[in-house]
Amino acid sequence: MGGVVRNRGHRIYRVFDHTADLGLEIYGSDVGDLFAHAARALFDNIADLDTVEGVIMRDISVSGADLQDLFINYLRALLGWFHDEDFIVRDVTIHAITGTHVAGTATGERFDPRTHTIRHEIKAVTYHMAEVAEVPSGWRGRVILDV
Amino acid sequence: MSEIKIEKLDECRWIIPPVGGMRVPGLIYSSRELMGDIGTDESPRQVANVAHLPGILGYSMAMPNMHWGYGFPIGGVAAFDMAEGIISPGGVGYDINCGVRLMTTKLDYQEIKSEVADLVGALFRHIPTGVGSKGSLRLSAGEEKKVLCSGAGWAVEHGYGTPQDLEATEDGGVMEGADPACVSERAVERGREQLGTLGSGNHFLEIEVVEEIFDDDAAAAFGLALNQVCVVIHSGSRGLGYQVCDDYLARMVKHIHDIGVPIPDRQLACAYLASNEGREYLSAMACAANYAWANRQMLMHWTRETFEKALKRSPRDIGMRLLYDVCHNIAKIEHFIIDGRNKTVCVHRKGATRAFPPGHAALPERYRPVGQPVLIPGDMGSGSYVLAGTEKAFSETFGSTCHGAGRVMSRSQALKISRKRSVGREMAARGVIVMAKGKGTLNEEIPEAYKNIDQVVDVVHRAGISKKVARLRSVGCIKG
């Protein structure tokens, strides 16, 4: 396991080893917090977020069959923004979340090779060993990314 | 989770006896040394998981390059009954028809030794590589759909190579049944600017030299000679293939839930081959496979041009000829004899290569006496093997063998242990000139991150599921 990545003292996520790919274990005080941190964790592995500004706002609304499916679909949708429109997410604020639907607002900007540093080419969010669970310290999610 | 029980069958094979919902046993081709590498890796469990899927025939198999994938292990081979079996996008992988092609030349290494550095630099400039790299081509959606239907043939028709190249490509460089209507607009869009690009990660283009020949007859049939300069290209279907896999996985996760088939891991989501979902995935997968073949054909064409310009020699003097092109992430409808009867099955090869025997009708005539050329790239800078397919592979592994070295170390672990090293300089000291676009690429791809290719190939050779023909050593490499 790698070290825990924190933001203003809050535990966000850590990378766990998976032979071919990149595993993320994400933490949150509640489900909404977990989803917000998951977006941050995904993009922290795509680009150096210190170089990314939240100049563009856009809404996100995703559904899933259950919480785990929702978690993967949500991350797939965010990664899709990067693939289709070169959009890098810096932060997401979750407005509403149920077991099958999530709505929020993302901030970020378009990828610019002159100012942004790419860390990994994340090609897909997999379902393999995906997990969303309530744990004594709050909520924990696991996802394996194909790089 | 319960422990997976693994029993040694012989020097090269390990069995996972069926327990619980497993429909067939697991069968792992490996060696004592390589089994040691598996350690805490989840891949044996993944072999067992695949054995749960409906309609699986024989064994859920894994080749010696086996390592932890998602859903299916990398190095996994599984065949399914056409009537009762399934097709799984996760059993093909995200990079549909990721594969390898090997070109031979008339050049002797000594002739161009002093020019390798210039050649690598020229290739690096002319072949688009790296994260999100875009090709020089801007296809209209209509033209791209022609690529999806015609594969490498589209590229040849548009001046990228010759009809002889198609003869030396698995399936002639085109998979039947491709229907662009089954490919999402989003996948088409992702593919538009990436045709003719190498990509990143473990994809590469290498200049290699034949350093050892194990089988003179097969080497002669393949046109290989000692000290001959060759080129190996490893690439796939880029963003288009990823999007096809992603689209159909999501659809099949829902589908498998709706039809109530229990699966041990969502990444194994699948559909019956005989269902609409299954047929549509096959048609979309064929499109992505064709895109990958066109992609490798174009990369080869530019490699030919670059050699001519950089070495200032004519195409005739260089004589760059395609030896063969194999896919190693694919599902194929193929015919085998099972229990004495002809049977049509769907073979998933995820990080595994087809290895058809001598005499098989799918082989180009000149290779029929010796078997299908099997191309096995090693880790960065270690070179490649050329093997030949065998009867034993045909009867035992649905005509399949390994595909490469296989990772033993995660990318983050590789980055960590190589942080203070100059991998480019280390490679140069070993006689390999390497150029890469990505900052961390060389560190993620350090040789220690992979299994030893010699050990992997030894297993498939000793097990008889392919035989060694030649070993090539790398002298130059470009990566994304």
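User: Which residues lie nearest the centre of the largest cavity?

Analyst: In this predicted model, the largest cavity has a volume of about 550 Å³. Its lining is made up of 34 residues. Those nearest the centre of the largest cavity are B:I74, B:N202, B:H234, B:H403 and B:R411.

User: How many charged residues does the lining of the largest cavity have?

Analyst: The lining of the largest cavity can be divided by class. Twelve of its residues are nonpolar and twelve are polar. The charged residues in this lining number ten.

User: Which strand gives the largest share of the lining of the second largest cavity?

Analyst: The structure holds two cavities of 30 Å³ or more, and the second largest has a volume of about 30 Å³. Three strands of chain B, β7 (99-108), β15 (373-377) and β16 (384-388), each supply at least two residues of its lining. With three residues, the largest share comes from β16(B).

User: Which residue of the lining of the second largest cavity is polar?

Analyst: The lining of the second largest cavity has eight nonpolar residues, one polar residue and no charged residues. Its members are B:V100, B:L102, B:V232, B:L375, B:I376, B:S384, B:Y385, B:V386 and B:L472. Val, Leu, Ile and Tyr count as nonpolar, so the polar member of this lining is B:S384.

User: What area do chain B and chain A bury between them?

Analyst: The contact between the chains involves 31 residues of chain B and 26 residues of chain A. Of the area buried, 50% is on carbon and sulfur atoms. Chain B and chain A together bury about 2,700 Å².

User: Which residues of chain B lose the most area to chain A?

Analyst: On the side of chain B, three residues together account for 24% of what that side buries. The residues that lose the most area are B:W68, B:Y70 and B:R266.

User: Which residue of chain A meets B:R186 in a salt bridge?

Analyst: Three salt bridges are counted between chain B and chain A. In one of them, the side chain of B:R186 is involved, with an N to O distance of 2.5 Å. The residue of chain A in this salt bridge is A:D84.

User: Which helix gives the most to the side of chain B that touches chain A?

Analyst: Between the two chains, 17 residue pairs are in polar contact. In chain B, α8 (185-192), α10 (238-259) and α14 (411-417) each supply at least two residues of the side that touches chain A. With six residues, the helix that gives the most is α10(B).

Terms used
Residues are numbered from 1 along each chain as its sequence is written. Chains are lettered from A and ligands numbered from 1 in the order in which they are written. This is a predicted model: local features need pLDDT of at least 70, side-chain atom pairs count only at pLDDT 80 or more; totals for chains, interfaces and linings use all residues. Side-chain values use heavy atoms; hydrogens and water are left out. Contact means heavy atoms within 4.5 Å. Buried area is the accessible area (1.4 Å probe) that two parts lose on being put together, summed over both. A salt bridge is a side-chain nitrogen of Lys or Arg within 4 Å of a carboxyl oxygen of Asp or Glu. A polar contact is a pair of N or O atoms within 3.5 Å; within protein, one must be able to donate a hydrogen and the other to accept it, and residues adjacent in sequence count only if both atoms are side-chain atoms. Helices (H or I, at least four residues) and strands (E, at least two) are DSSP runs, numbered from the N terminus. On a 1 Å grid over the protein atoms alone, a cavity is a set of points where a 1.4 Å probe fits but cannot get out, and a pocket is an open set with protein on both sides within 12 Å along at least five of seven lines; lining residues have an atom within 4 Å of a point. Grid points are joined across faces, edges and corners, and a volume is the space filled by probe spheres set on the points.
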